[in-house]
Amino acid sequence: MRCVLTLFFRGHRKRLKSVKMSDIIEEKIKNYRTAPFDARFPNTNQTRNCFQNYLDFHRCNKALSDKGQDVAPCDWYQRVYKSLCPLSWVAKWDDQIEAGSFPGKI
């Protein structure tokens with residue numbers, strides 16, 4: 001997917017080159033520091049946010065790899081859940097996925 005960037009500078013419109021959506025995603029991932037605010041999870045307790053991003057990462061990987069596409073856009077979800085989730089939870093969920101007993105729908 002391609003999009004065109006348009007900048008507004010002092011009342012002038014400047015059209016930049018066409019940019020791939022994957023380039024924009026890669027730039028966001030490169031500048032990533034910590035999990036951004038997610039309106040779906042406005043409370044202090046971020047447990048559900050952690051779990052949802054873990055699910056989204058694995059769903060994204062599965063969907064894109066089944067289609068034979070690059071899974072690089074899924075890196076965003078991985079970075080978010082790794083910054084929110086305790087390592088012990090992630091290790092437990094990974095073990096459950098391998099054993100086929102993971103409670104989430106991937």
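Student: Which residues of helix 4 are buried?
Tutor: This is a predicted model. Buried means under 20% relative accessible area. In helix 4, the residues that meet this are Val90, Trp93 and Gln96.

Student: Why do the buried residues of helix 4 line one face of the helix?
Tutor: An α-helix has 3.6 residues a turn, so residues three or four places apart point the same way. Look down the axis of helix 4. Its buried residues line one face because they fall within an arc of 125°.

Student: Which exposed residues does the face of helix 4 turned away from its buried side carry?
Tutor: Val90, Trp93 and Gln96 make up the buried set of helix 4. Exposed means over 50% relative accessible area. On the face turned away from the buried side, the exposed residues are Leu87, Ser88, Glu98 and Ala99.

Student: What do the buried residues of helix 4 pack against?
Tutor: Start from the buried residues, which include Trp93. Contact means heavy atoms within 4.5 Å. The partners of the buried residues of helix 4 are helix 2 and helix 3.

Student: How far apart are the end C-alpha atoms of helix 4?
Tutor: Helix 4 has 13 residues. At 1.5 Å a residue, they should span 18 Å. The model agrees, with the end C-alpha atoms apart by 18 Å.

Student: Which residue just after helix 4 takes a positive phi?
Tutor: Step just past the end of helix 4. The phi there is about 80°. The residue is Gly100.

Student: How far does helix 2 reach from its first C-alpha to its last?
Tutor: Helix 2 covers residues 47–66. It has 20 residues, and 28 Å is expected at 1.5 Å a residue. The value in the model is close to that, at 29 Å.

Student: What do the buried residues of helix 2 pack against?
Tutor: The buried residues of helix 2 include Leu55, Phe57 and Leu64. Asn49, Tyr54 and Asp56 are also among them. They pack against helix 3 and helix 4.

Student: Is Asn53 buried or exposed?
Tutor: Asn53 sits in helix 2. Its relative accessible area is 5%. The cut-off for buried is under 20%, so Asn53 is buried.

Student: Which side chain does a polar contact of 2.6 Å join to that of Asn53?
Tutor: Leave out residues up to four places away in sequence, and Asn53 touches Tyr77, Val80, Tyr81 and Leu84. The polar contact of 2.6 Å is another matter. It joins the side chain of Asn53 to that of Asn49.

Student: Which residues does His58 touch, not counting residues up to four places away in sequence?
Tutor: His58 is also in helix 2. It is buried, with a relative accessible area of 18%. Beyond four places in sequence, His58 touches Asp94, Ile97 and Ile106.

Student: How many residues apart in sequence are the parts that Cys50 and Cys85 tie together?
Tutor: Cys50 and Cys85 form a disulfide, with sulfur atoms 1.8 Å apart. Cys50 lies in helix 2, and Cys85 in the loop between helix 3 and helix 4. So the pair ties together parts whose separation in sequence, in residues, is 35.

Student: Is the disulfide of Cys60 and Cys74 left-handed or right-handed?
Tutor: The sulfur atoms of Cys60 and Cys74 are 2.0 Å apart. The torsion about their S-S bond is about -80°. So this disulfide is left-handed.

Student: Where does Cys74 lie?
Tutor: Its partner Cys60 lies in helix 2. Both Cys60 and Cys74 are buried. The pair ties together parts 14 residues apart in sequence, because Cys74 lies in the loop between helix 2 and helix 3.

Student: What pattern do the disulfides of the chain follow?
Tutor: The structure holds 2 disulfides. Cys50 pairs with Cys85, and Cys60 with Cys74. Count the bonded cysteines along the chain, and the pattern is 1-4, 2-3.

Student: What pattern does the chain follow, read along the sequence?
Tutor: The chain has 4 helices and 2 strands. Put them in order along the sequence. The pattern is β-β-α-α-α-α.

How values were computed: Residues numbered from 1 in each chain as written. Predicted model: local features only at pLDDT ≥ 70, side-chain atom pairs only at ≥ 80, totals over all residues. Heavy atoms only, no water. Disulfide = S-S within 2.5 Å. Buried < 20%, exposed > 50% of the residue type's maximum accessible area, 1.4 Å probe, protein only. Expected span 1.5 Å × (residues − 1). Arc of directions from axis to C-beta. Polar contact = N/O pair within 3.5 Å; in protein donor to acceptor, adjacent residues only side chain to side chain.
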